[in-house]
Every structure is written in C-alpha cells, then in structure tokens.
Amino acid sequence: RRQRQMCIRDRYQRFSQQLQQTSVHSGRGSKTALVRKFVKQHPTFQIGDVCKALPTISREQIRVVLRTLRDDKLIEAQGKGRNARWKKVTNKTGHGA
C-alpha cells in the first residue's frame, strides 16, 4: 500500500511538472491541453510518441483527444493500428492546426 501511494504521488508530481513546463493551468481540461500542445509541436507522430512524452496521461485519454482533433479535421491518421502515423492537416492557406 505504501508503494502505491508513492507511485501515485510520483505520477502527480510528474504531471504537475509537465503543466508548469507547458504553461498549461491545472484543472479540468489540462491533460487535453497537453496533448493538443504536443500535436501542435509535432507535424507527424504516433500515439506511442505522445505516451512517451506525456507518461502521466493514459493511452485512452490520448486516443480520445486525437479522435476529437480528427473529427475537427485538424489531424488525420495515415495507416491503421499500431503503426498508424498521425499528421496535422494543412488548411488552404498552408497553415496547420
């Protein structure tokens, strides 16, 4: 039980540090904001890249955010499954999401 408490505390501290480094405020929507910021900074990526960069955010939460961005036509998947790569969609003016 003690180890579990330490693990949870360590994860919270890592998450808190990530928020401070990205100038995203903690609270509702902060994990989504971190994933969106990652996407904005990387023209192409895989889900695994996001998981490694943001280990305090679950893979399922990352998928939810990516689905939303896809539905908003800001990113698109190239391929399917484990090897799928995501890329930002550029609009008519040549600027990405």
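This briefing walks through the fold, the sheet, the core and the largest pocket of one protein chain.

The model is predicted. The chain has 97 residues, and 26% of them count as buried. Its secondary structure comes to four helices and three strands. From the N terminus on, these elements run α-α-β-α-α-β-β. Take the contacts in the chain with a separation of 6 or more: 40% of them join residues 24 or more positions apart.

**The sheet**

- The three strands form an open sheet in the order E1-E3-E2, and the pairing is antiparallel.
- E1 and E2 stand at the edges with a single partner strand each, so one side of each has no neighbour in the sheet.
- Strand E1 covers residues 44–45, and two bridges join it to E3.
- Strand E2 covers residues 75–78, and four bridges link it to E3 in the antiparallel sense.
- Across the E1 and E3 pairing, Phe45 stands opposite Trp86.
- Across the E2 and E3 pairing, Gln78 has Arg85 of E3 as its bridge partner.

**The hairpin and the two faces of E3**

- E2 and E3 form a hairpin, with six residues between them.
- Gly79 lies in the turn of this hairpin and has a positive phi of about 95 degrees.
- Strand E3 spans residues 85–88 and has one covered face and one uncovered face.
- Trp86 and Lys88 make up the covered face of E3.
- Arg85 and Lys87 make up the uncovered face of E3.

**The nonpolar core**

- In soluble globular proteins, nonpolar side chains tend to be buried together.
- The largest nonpolar core here holds 16 residues.
- Val35, Val39, Phe45, Val50, Leu54, Ile62 and Leu66 touch the most other members of this core.
- Three elements give two or more residues to the core: helix H2 (30–41), H3 and helix H4 (59–71).

**Two core residues up close**

- Val50 is found in helix H3, which covers residues 47–53.
- Is Val50 buried or exposed? Val50 has a relative accessible area of 0%, so it counts as buried, for which the cut-off is under 20%.
- Leaving aside neighbours within four places in sequence, Val50 is in contact with Val35, Phe38, Phe45 and Ile62.
- Val50 and Leu34 are 16 residues apart along the chain, and their C-alpha atoms are separated by 9.7 Å.
- Which residues does Phe45 touch, not counting those up to four places away in sequence? Phe45 touches Phe38, Val39, Val50, Leu66, Ala84, Arg85 and Trp86.
- Two of the residues that Phe45 touches, Arg85 and Trp86, belong to strand E3.

**The largest pocket**

- Rolling a probe the size of a water molecule over the atoms shows where empty space is left.
- The largest pocket holds about 290 Å³ of space.
- H3 and H4 are the elements that give two or more residues to its lining.
- The lining has 13 residues, and Ile47, Arg59, Arg63, Gly81 and Arg82 lie nearest the centre of the pocket.
- Which element gives the largest share of the lining? The largest share comes from H4, with three residues.
- By type, the lining divides into four nonpolar, four polar and five charged residues.

Terms used: Residues numbered from 1 in each chain as written. Predicted model: local features only at pLDDT ≥ 70, side-chain atom pairs only at ≥ 80, totals over all residues. Heavy atoms only, no water. Buried < 20%, exposed > 50% of the residue type's maximum accessible area, 1.4 Å probe, protein only. Pairing = 2+ DSSP bridges. Contact = heavy atoms within 4.5 Å. Core = buried A, V, L, I, M, F, W, Y, C linked by side-chain atoms within 4.5 Å. 1 Å grid on protein atoms, 1.4 Å probe; cavity = no way out; pocket = protein on both sides within 12 Å on 5 of 7 lines; lining within 4 Å. Points joined across faces, edges and corners; volume = space filled by probe spheres on them. Nonpolar A, V, L, I, M, F, W, Y, C, P; charged D, E, K, R; others polar.
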